[in-house]
Amino acid sequence: MNEWPEGRSDRGGRGRNGDGYGRGSGSAQPEGARAMPHVQRGRGPGPRPSAPPQPQGVPQQHGYGHQGAPGGQGQQQDGYDSGYNTGQVYGSQGGGGGGGRRGGGDDGRLGGGAARPAPDWKRRIKIGSIALAVTLLAVSVGTYFWADSKLNREVDLSKVIERPRDGDGTNYLIVGSDSREGMSAEEKKKLHTGSAGGKRTDSMMILHVGDSGNAMISLPRDSDVEIPSFVGSDSGKTFQGTGRRVKLNAAYAEDGPELLVRTVEHNTGLRIDHYAEIGFGGFAKIVDAVGGVEMKLDKGFKDKYSGADFKAGTQTLDGQQALAFVRTRYALAGSDLDRTKNQQKFLSALASQTATPSTVLNPFKLYPTMGAGLDTLIVDEDMGLFDLSEMFWGMKGVTGGEGVSMNIPTSGSRGSNLVWDRAKIKTLVDQMNNGDKITVKSG
C-alpha cells in the first residue's frame with residue numbers, strides 16, 4: 001500500500017514529477033526551492049508559459065534574509081525562506097527590508113528618510129502681517145466710501161458774496177436746527193419738539209481749529225445783527241442791504257444756510273470755511289447710538305417746554321434727555337446765554353466720549369454711530385470726511401484743554417436782542433486769523 005498522497009511516489013524518493021525533490025528525498029536541494037505552478041482562473045490544461053528572460057546586465061537579486069541584510073533571523077543565508085516565522089512584526093525597528101514606520105519615527109523623518117523641515121515662523125508671521133494689513137486697508141477704504149456717500153452736501157458756499165480774507169486754521173459754523181423732518185408724531189411728542197413746519201436755528205457756534213489752539217464760540221440766537229447784501233440761494237437774485245437789523249436766527253429763516261453764513265461773516269469779519277447742521281431727530285439718534293453721554297450737573301432744573309427734568313449729580317443722558325438738556329433756556333437764570341454754555345458742555349462731552357477705542361475699534365458701535373450721524377448731517381459741498389473728522393476732534397480738543405470755550409462777547413442789549421461788543425470781536429478775530437493765543441473773554 002502506497003503511503004504517499006495521491007500523485008506522490010516513493011520511487012527513489014522522488015515526487016510525482018520525478019524530480020527527486022520532496023520530503024524524505026535524498027536530494028540536497030530543499031523543498032522550498034521547488035517551482036510551484038500558479039493556479040490561474042480560466043486556464044485549461046496544457047503547458048505553462050515560461051517566464052520571460054532576464055535582461056542582460058541586471059544583477060542577481062538577493063532574497064529576503066540574505067546574508068548581510070537586516071532582519072535575517074529564521075531565514076537561510078543562501079537566498080530562500082526556511083518556512084519558519086520568528087514572530088517578528090513587520091515594520092518594527094528590527095524588521096527586514098529596511099521597512100520603517102510610514103510617516104517617520106521619533107527623529108521627525110519621513111518614510112523615505114528625508115528630514116521634515118522645521119516651520120519657518122518668520123515667514124509665516126510676515127505673511128500673516130501682510131494679510132492683516134490688506135484686510136484692514138480694504139475695510140478702511142470700504143468704510144470711507146460708505147461714509148462719504150452718506151454725507152448730505154446741500155450747502156453751496158460759492159453763493160456767499162463779499163467774503164472776508166482767509167486766516168490761520170479752519171473755521172466751522174456748527175448749527176443745530178429745530179427741523180422735525182423724518183420724525184413721526186410719536187417721536188415729536190416724546191422729544192417735546194412740537195409740530196412746527198419748516199426749520200429754524202436752535203443753536204449756532206463757531207469752532208476754530210488752529211495752530212495756537214482751538215476755540216468754541218457760541219452765537220446766541222437772539223444776537224442783534226445786520227442783514228447785508230446777499231444773493232438768493234434759490235433765485236440767484238441779488239438783494240441789496242438796507243441796514244436792516246434782526247435776530248441772528250432770522251437770517252437762517254429768511255434764506256437758509258447761505259444767508260446765515262453771509263450774515264455771520266459780515267458781522268464778525270471771520271471767514272467761515274465749512275458748514276455743518278443737524279436736526280432734532282438726528283441729534284437724539286447719535287446720542288442713543290453711542291449708548292448715552294455721561295454728564296455732571298452742578299444744579300438740577302426742570303422745564304415743561306423742553307421736557308427737561310434733571311437732578312444735580314453725575315448721570316448718563318439718553319437721546320431724549322440730551323435734546324431736552326441742550327434746548328432748555330426758560331429754566332435757566334441766564335436764559336439763552338446759559339443755554340449756549342450747556343450746549344458747548346454737552347457737545348464737548350459727546351465728542352470726548354465718542355472718540356475712544358471702545359467706539360472707534362468696535363464695529364458694532366462705530367457703524368451705528370456713523371450711520372445715525374451722517375444720515376441726518378447737512379454739510380457744505382466742499383466738506384469731506386477729513387474735514388468732518390477735524391471738526392469732531394477739534395470739539396474734543398476743547399474739552400481736553402487745548403483751547404477755549406466761550407460766548408461771543410456782548411456789550412448789552414437792544415430791546416430783547418443781545419448787542420455784540422465790536423471791539424472785543426475784532427481782537428478775537430485778529431488773534432484767530434494770525435494764529436495767536438486767544439486772550440479775549442466773553443465778559
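A cavity here is a set of grid points where a 1.4 Å probe fits but cannot get out, and its lining residues have an atom within 4 Å of a point. The structure is a predicted model. A search of the whole structure finds 2 cavities of 30 Å³ or more.

**The two cavities**

| Cavity | Volume | Nonpolar lining residues | Polar lining residues | Charged lining residues | Element giving the most |
|---|---|---|---|---|---|
| Largest | About 50 Å³ | 8 | 1 | none | H10, 4 residues |
| Second largest | About 40 Å³ | 5 | none | 4 | H3, 4 residues |

The largest cavity is lined by Ile 206, Ile 217, Thr 268, Leu 270, Ile 408, Ile 425, Leu 428, Val 429 and Met 432. Helix H10, which covers residues 422–434, supplies 4 residues to this lining, the most of any element. No charged residue takes part in the lining of the largest cavity, where the classes are 8 nonpolar and 1 polar.

Around the second largest cavity stand Lys 159, Val 160, Ile 161, Phe 230, Val 231, Asp 255, Glu 258, Leu 259 and Arg 262. Two elements, strand S6 (230–231) and helix H3 (248–268), each give two or more residues to that lining. H3 gives the most, with 4 residues. Here the lining has 4 charged residues along with 5 nonpolar ones, and no polar residues.

**Phe 346 in helix H6**

Phe 346 belongs to helix H6, which runs over residues 335–354. Is Phe 346 buried or exposed? Its relative accessible area is 0%, so Phe 346 counts as buried, the cut-off for that class being under 20%.

Leaving aside residues up to four places away in sequence, Phe 346 touches Phe 283, Val 287, Val 293, Met 295, Leu 317, Ala 322, Phe 325 and Val 326. Leu 323 lies 23 residues from Phe 346 in sequence, and the two C-alpha atoms are 9.9 Å apart in space.

**Helix H8**

Helix H8 spans residues 363–376, a run of 14 residues. From its first C-alpha to its last, H8 reaches 20 Å, close to the 20 Å expected at 1.5 Å a residue. Which residues of H8 are buried? They are Leu 366, Thr 369, Gly 371, Ala 372, Gly 373 and Leu 374.

Methods:
Residues are numbered from 1 along each chain as its sequence is written. This is a predicted model: local features need pLDDT of at least 70, side-chain atom pairs count only at pLDDT 80 or more; totals for chains, interfaces and linings use all residues. Side-chain values use heavy atoms; hydrogens and water are left out. The expected span of a helix is 1.5 Å times one less than its number of residues. Buried means under 20% relative accessible area, exposed over 50%, partly exposed in between (1.4 Å probe, protein chains only). Contact means heavy atoms within 4.5 Å. On a 1 Å grid over the protein atoms alone, a cavity is a set of points where a 1.4 Å probe fits but cannot get out, and a pocket is an open set with protein on both sides within 12 Å along at least five of seven lines; lining residues have an atom within 4 Å of a point. Grid points are joined across faces, edges and corners, and a volume is the space filled by probe spheres set on the points. Ala, Val, Leu, Ile, Met, Phe, Trp, Tyr, Cys and Pro count as nonpolar, Asp, Glu, Lys and Arg as charged, and the others, Gly among them, as polar.
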